[in-house]
Each structure stands twice: as C-alpha cells, then as structure tokens.
Amino acid sequence: MPSAAYDWIAGALETIHRAQWYRSPQALVGLPGPVVERHGQRVLNFASNDYLGLAGDPRLQAAAIAAVNDYGTGSTGSRLITGDRNLHRQLEQAIAQLKQTDDAIVFSAGYLANLGTIAALVGSRDLVLSDRYNHSSLINGAKLSGATFLEYGHCDLTDLQTLLEQHRPHHRRCLILTDTVFSMDGDLAPLPELLDLADRFAAMVLVDEAHSTGVFGATGAGCVESLGCTGRAIVQIGTLSKALGSLGGYVAGSAELIDFLRNRAATWIYSTGLSPADTAAALAAIQIVRAEPDRRDRLWRNVANLQRQLQQWLQSLPSTLQNRPAPYRLLPSASPILCLQGPDPATIVRLGRSLTEHGIWAGAIRPPTVPTSRLRFTLMASHEPAQIDRLVAAIDAVVRNVDHAAP
Ligand SMILES: Cc1ncc(COP(=O)(O)O)c(C=O)c1O
C-alpha cells in the first residue's frame with residue numbers, strides 16, 4: 001500500500017542520478033577469471049580482487065561441494081548456539097598458522113569483522129585515529145564504537161604523532177586504524193614506523209590486510225609479514241573474499257584478543273556462522289597459498305610488466321595531452337592495484353566506457369570515492385602477458401581518441 005512516509009526515497013534516488021553517482025550491479029556469466037562475459041560481451045577483466053585466480057579454481061569448488069554434502073548449505077545459527085562446525089576451527093587454525101599468531105576468528109564478512117572488532121575494542125571513553133584513505137568498514141566500525149574519531153593525513157605519521165600528543169592523554173584507550181594496502185590507490189601503510197609510534201603512546205593498532213592476504217610476504221601472510229612486523233602486537237583483520245577466492249572475514253592475534261572477541265564482538269555473537277561451503281573453500285585456498293608460491297611470483301611479474309609498460313606509454317604521450325594542470329600520471333603503488341590518474345571525472349568516465357567498447361573491464365573511480373579521478377586496474381596471477389599488452393594498447397587508443405575528442 002503506498003505511503004507518503006516513503007516518498008523521500010524517490011527524491012533521494014533522483015539526487016544520486018543528478019550527481020552522476022548512480023550505480024547498479026553488473027552481472028557476470030560463468031566462472032570468474034581474466035576473461036569474463038558481461039552484458040553478452042567477453043571482456044578482459046582488470047577489475048577483480050581475485051588476485052591469485054583462485055575464485056574459479058576446481059580445488060576450491062570441490063572443497064565447497066564436499067562441505068555442502070557433509071554439512072548442508074547453512075550454518076543454521078550463531079557459532080555460540082547451533083552454528084559451530086569443526087571446519088570453522090580448522091580454518092581459524094590455518095589462518096593463525098599462516099599469520100603466525102596464537103589464534104584467529106572468522107566472521108561472515110570482512111566488513112563485519114571490522115565493525116565488530118573495533119566496536120568491541122573501544123567505546124565512548126576512547127580515541128580512534130584513522131588514516132584518511134581507510135576503507136568504509138574501518139570508518140563505520142569507529143563510528144559504531146562511539147569513540148572519539150579523528151582522521152590523520154594519508155600515511156602521514158607526523159600528523160598522526162601530533163594528534164596522539166594532543167588527544168591521547170585525554171582518553172582511556174587508543175586504537176589506530178590503517179589499511180595495509182590502500183584499495184583505491186595501491187600504496188602501502190608505513191607499518192613498522194607506525195607501530196613504533198603507537199608503542200610510544202600505548203596505542204593499539206588494527207590493520208586491514210584485505211588486499212594483502214595471500215599476495216604479500218614470502219608465505220603469503222600479508223604486509224605484516226613482508227614489512228617485517230610478524231610477531232608484533234597487532235590486531236590483524238582481513239577478508240577471505242579477495243585473494244582467497246571465498247567469502248568471509250577474519251581477525252588474527254593473541255589468544256586473549258580472540259577469546260575476548262568471541263565474547264564481545266556483536267557481529268560474530270549475533271550473526272550466523274560462516275557457511276560450510278565458504279569455510280571449506282577458504283581453507284582450501286590457504287593450503288594453496290602456502291603450497292604454491294609460484295602463483296604470487298606470476299602475479300608480481302604481471303604487476304612489474306604493467307607498471308613498466310604504463311610508464312613507457314606515459315612518456316610517449318603528446319605534450320598536448322600532458323601539459324595541463326592535471327596530466328595523466330601513474331599513482332605511486334607497491335601492489336597489484338595500479339591507478340592511472342586523469343584530468344577530470346567526466347573524462348575518466350568516458351575513458352572507462354570506451355575501454356569497455358575495446359573489450360577491457362577496469363574501474364573508473366572518481367570523487368567522492370577518491371579525491372582525484374582515475375582508471376583503476378587490478379592484476380591477477382592468471383593474466384597472460386598478451387592480455388596485459390592488449391590492455392596497454394587499448395588505454396593508448398582510448399586516451400588519444402576520447403581525450404583529444406573531448407569538448
Ligand atoms: C580494505 C577492505 N576492507 C574490508 C573489506 C570488506 O571485506 P568483505 O568484502 O569481506 O566484506 C573490503 C572489501 O571490499 C576492503 O577493500
């Protein structure tokens with residue numbers, strides 16, 4: 001029955017359309033991978049988080065199917081009531097082993113892991129300091145906690161120190177939040193120095209390893225490993241949904257921390273346990289991450305290849321395209337996320353559309369998600385060198401055509 005109480009929704013949608021912020025899901029057909037079918041078109045996929053190419057791996061599929069046969073499709077309740085299975089504990093132990101922590105706990109999503117953990121660790125008497133470019137789940141976790149929430153400049157430890165000096169003495173606990181790989185830029189947090197600073201101010205540190213788990217470090221444990229911080233006192237959060245090809249989130253850390261979260265993290269206590277299929281697929285993925293380091297080698301070779309080709313291409317661009325206030329530029333990145341910053345939001349949107357016409361799927365990211373507009377490319381271990389060549393050729397064609405043709 002129509003009710004005037006909901007009329008505002010149509011107006012809000014209209015505003016979203018007017019601001020060009022309207023978005024809708026884009027269905028894929030078939031298995032994920034470097035080539036996917038979308039809207040009846042086969043496209044080269046440079047927009048996925050499936051960094052190791054595991055989301056369509058037959059071994060993950062087989063593990064998920066076996067778990068459905070053994071345990072059914074749903075976990076049926078909270079882990080504390082009816083939802084606990086041996087598989088959950090096996091996965092948690094595998095994560096703790098990978099991360100070299102005492103223990104781990106799995107949530108139904110990385111987003112829920114961040115919300116529940118932050119809100120359990122701090123409250124209204126406490127202080128949260130957060131990198132300005134952090135993921136939405138960290139920001140909303142801080143808001144949910146009721147703590148005083150302040151942002152420091154992106155990777156700016158001088159700014160962080162100033163905020164600690166000014167505000168830390170007035171709060172009971174302090175929690176510093178940072179992504180380790182920043183998802184819309186691809187750069188890394190200065191973790192060792194940040195941990196030293198936190199120690200000086202008796203502050204806890206929570207890192208989000210969503211884009212680094214399985215990708216960074218000799219064993220694939222993430223940036224905590226690759227930046228030499230294994231064993232330090234850190235609350236490590238991550239997701240099972242990117243390089244691990246499944247769904248769910250985790251927290252790894254000390255035995256006390258994990259035990260505390262089992263008793264205080266509302267998004268774990270009052271939410272149904274991770275499904276058997278997702279749990280088993282993630283467990284299979286961790287075994288592959290450990291056993292097949294060559295996947296990471298292939299991924300990093302692809303990253304170096306695209307980075308080198310894009311740098312060469314930028315040098316070949318005519319001065320008419322580059323001599324202006326916001327020239328094309330490769331944003332600093334040390335990860336499989338490479339961003340080509342462009343002149344303005346409208347051009348970036350046109351370039352994104354035009355890339356699709358050339359059979360390339362990449363993100364066209366603009367404000368308010370990020371401060372400056374950019375094309376965002378993510379690499380996978382399963383991309384072939386020829387596919388990367390095709391991407392660079394398409395970028396060259398669309399920039400020369402679309403940008404030159406721009407009004
Ligand atoms: C940095 C970061 N943290 C957390 C999440 C949330 O993880 P999930 O997709 O498992 O909810 C994402 C996912 O998009 C992310 O990019």
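Two rings of Phe, Tyr or Trp count as an aromatic pair if their centres lie within 6.5 Å, the six-membered ring being used for Trp. The legends below describe a predicted model.

**Figure 1. Overall view of the predicted protein**. The protein contains 15 helices and 15 strands. Its C-alpha atoms fill a box of roughly 60 × 60 × 55 Å along the principal axes. A compact globule of 407 residues would have a radius of gyration near 22 Å, and the protein agrees with this because its own value is 22 Å. Of the 407 residues, 53% count as buried. Among contacts with a separation of 6 or more, 70% are between residues 24 or more positions apart. The exposed surface comes to about 17900 Å², and carbon and sulfur atoms supply 54% of it.

**Figure 2. Close-up of the aromatic pair Phe-216 and Trp-300**. A search of the whole structure finds two aromatic pairs. In the pair shown here, Phe-216 and Trp-300 are edge-to-face, with 5.0 Å from centre to centre and 75° between the planes. Phe-216 lies in the loop between strand 8 (204-208) and helix 8 (223-226), whereas Trp-300 belongs to helix 12 (residues 293-316), so the pair ties together parts that are 84 residues apart in sequence. Phe-216 has a relative accessible area of 6% and is therefore buried, the limit being under 20%. Trp-300 is partly exposed, at 28%.

**Figure 3. Close-up of the aromatic pair Trp-313 and Tyr-328**. The ring centres of Trp-313 and Tyr-328 are 6.4 Å apart. Their planes stand at 70°, so this pair is edge-to-face. Helix 12 holds Trp-313, and Tyr-328 sits in the loop between helix 13 (319-322) and strand 11 (329-330), so the contact ties together parts that are 15 residues apart in sequence. Both Trp-313 and Tyr-328 are buried.

**Figure 4. Close-up of the salt bridge between Arg-79 and Glu-92**. Side chains of opposite charge can pair when their charged atoms come close. The whole structure has 18 salt bridges. In one of them, the side chains of Arg-79 and Glu-92 meet at 3.1 Å, N to O. The two residues are 13 positions apart and link distant parts of the chain: Arg-79 is in the loop between helix 2 (58-71) and helix 3 (86-99), and Glu-92 is in helix 3. Both Arg-79 and Glu-92 are buried.

**Figure 5. Close-up of the salt bridge between Arg-89 and Asp-103**. The closest N and O atoms of Arg-89 and Asp-103 are 3.1 Å apart. This salt bridge links distant parts of the chain, with Arg-89 in helix 3 and Asp-103 in strand 4 (residues 103-107), 14 residues apart. Arg-89 is partly exposed, having a relative accessible area of 30%. Asp-103 has a relative accessibility of 9% and so counts as buried. Salt bridges that share partners join Arg-79, Asp-84, Arg-89, Glu-92, Asp-103, Asp-259 and Arg-262 into one network.

**Figure 6. Close-up of the salt bridge between Glu-292 and Arg-295**. Glu-292 and Arg-295 form a salt bridge in which the closest N and O atoms are 2.9 Å apart. Arg-295 has a relative accessible area of 11% and is buried.

Conventions. Residues numbered from 1 in each chain as written. Predicted model: local features only at pLDDT ≥ 70, side-chain atom pairs only at ≥ 80, totals over all residues. Heavy atoms only, no water. Salt bridge = Lys/Arg side-chain N within 4 Å of Asp/Glu carboxyl O. Helix = DSSP H or I, 4+ residues; strand = E, 2+ residues; numbered from the N terminus. Buried < 20%, exposed > 50% of the residue type's maximum accessible area, 1.4 Å probe, protein only. Phe/Tyr/Trp six-rings, centres within 6.5 Å; stacked < 30°, edge-to-face > 60°. Rg over C-alpha atoms; globule rule 2.2 N^0.38 Å. Contact = heavy atoms within 4.5 Å. Areas by Shrake-Rupley, 256 points an atom, 1.4 Å probe, with all protein chains shown as cover.
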